[in-house]
Amino acid sequence: MRLLTGWLLALTVPFAAADPVLRNLEIQQCSASELATWGDGQDRVASAGAFTFSYRHAGAPAWFQEVQVLGLLQKAAAEWSKCGIPSQVMPAAPGAQSSRGNIIVQWDATSSAGHFGLANLSAYQLSLGAQAFHLLNQRNPTHNALDTLQMVLSHEMGHFYGLVAHSRRCVDVLSYYHDGKGGQCFTRHPGLLKAFPEYRSSLPTACDIQRCRILNRIP
Ligand SMILES: [Zn+2]
């Protein structure tokens with residue numbers, strides 16, 4: 001449900017011999033045996049048959065332009081639409097209220113609670129944390145924060161599509177690398193895990209989409 005600031009550690013792992021071809025194949029493929037979650041939430045049907053993601057730019061870190069964030073949201077929404085649930089992205093109208101099918105995407109320190117992002121599934125709000133991005137910028141000023149924001153948006157949107165539990169497959173955008181109790185995520189290429197600044201995909205993978213289709217009963 002939440003993206004922890006602990007991810008900063010993963011983002012500072014030194015770059016080694018990374019093979020993007022193998023990672024990309026893992027992103028694009030999904031076998032039934034690879035569908036596994038940490039069981040840390042109850043997956044369910046999406047709250048609506050179609051989504052509008054309405055974006056409020058107020059409070060964003062200065063290095064993100066509104067048009068950039070809208071572009072990232074559109075990219076994530078386009079990928080998630082492979083689940084079979086259509087969506088659109090637009091700037092939020094003044095006074096726009098969230099509802100089942102209208103998710104407000106906003107920068108809000110309180111509701112993001114120190115995380116990069118947090119999906120509030122009952123308030124239909126996807127909250128982003130400017131503070132976490134400021135911290136990332138301080139620690140790693142050369143890192144492209146748009147990559148992180150893309151991943152955060154894709155991940156949190158996935159919760160609204162009904163993927164409430166986190167994936168155990170490292171490359172999935174819905175993944176958690178570990179459960180905090182000694183359990184580790186799995187990957188076809190364990191040796192590659194630390195070769196990338198971030199092994200997790202920034203967009204939904206084949207397994208994220210397959211899980212979404214299964215739980216929304218879309219053949
Ligand atoms: Zn999450």
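The exercises below, each with a worked solution, concern a predicted model.

**Exercise 1.** Work out how many disulfides there are, and which cysteines each of them joins.

*Solution.* Begin with the sulfur atoms, which count as a disulfide when they lie within 2.5 Å. Cys 30 and Cys 207 satisfy this with an S to S distance of 2.0 Å, Cys 83 and Cys 212 do so at 2.1 Å, and Cys 170 and Cys 185 are likewise 2.1 Å apart. The count is therefore three disulfides under the 2.5 Å rule. When the bonded cysteines are numbered in sequence order, the pairing reads 1-5, 2-6, 3-4.

**Exercise 2.** For each disulfide, state which parts of the chain are linked and what the handedness of the bond is.

*Solution.* Take first the link of Cys 30 and Cys 207, which is right-handed with 95 degrees about the S-S bond; Cys 30 sits in the loop between H2 and E1 and Cys 207 in helix H7, so that distant parts of the chain, 177 residues apart, are linked. Next, the link of Cys 83 and Cys 212 is left-handed, at -85 degrees, and because Cys 83 belongs to the loop between H3 and strand E2 while Cys 212 belongs to helix H7, this pair ties together parts 129 residues apart in sequence. Finally, the torsion for Cys 170 and Cys 185 is about 100 degrees, so this disulfide is right-handed; both cysteines lie in the loop between H6 and H7, 15 residues apart in sequence.

**Exercise 3.** Decide whether Cys 30 and Cys 207 are buried or partly exposed.

*Solution.* The cut-off needed here is that buried means under 20% relative accessible area. Cys 30, at 21%, counts as partly exposed, whereas Cys 207, at 1%, counts as buried.

**Exercise 4.** Describe the surroundings of Gln 106, a residue of strand E3.

*Solution.* Consider accessibility first: Gln 106 has a relative accessible area of 9% and is therefore buried. Then list the partners beyond its neighbours within four places in sequence, which are Arg 56, Ser 111, Gln 125, Leu 126, Ser 127 and Leu 128. With Ser 127 there is also a polar contact between the two side chains, at 3.1 Å.

**Exercise 5.** Identify the residues with the most contacts inside the largest nonpolar core, and follow one of them outward.

*Solution.* This core has 46 residues, and those with the most contacts inside it are Phe 51, Trp 80, Trp 107, Leu 149, Leu 153, Met 157 and Tyr 161. Among the elements giving two or more residues to the core are strand E3, helix H3 and helix H6. Choosing Leu 153, and leaving aside its neighbours within four places in sequence, one finds contacts with Val 69, Leu 72, Leu 73, Val 105, Leu 126 and Leu 128.

Terms used: Residues numbered from 1 in each chain as written. Predicted model: local features only at pLDDT ≥ 70, side-chain atom pairs only at ≥ 80, totals over all residues. Heavy atoms only, no water. Core = buried A, V, L, I, M, F, W, Y, C linked by side-chain atoms within 4.5 Å. Buried < 20%, exposed > 50% of the residue type's maximum accessible area, 1.4 Å probe, protein only. Helix = DSSP H or I, 4+ residues; strand = E, 2+ residues; numbered from the N terminus. Contact = heavy atoms within 4.5 Å. Polar contact = N/O pair within 3.5 Å; in protein donor to acceptor, adjacent residues only side chain to side chain.
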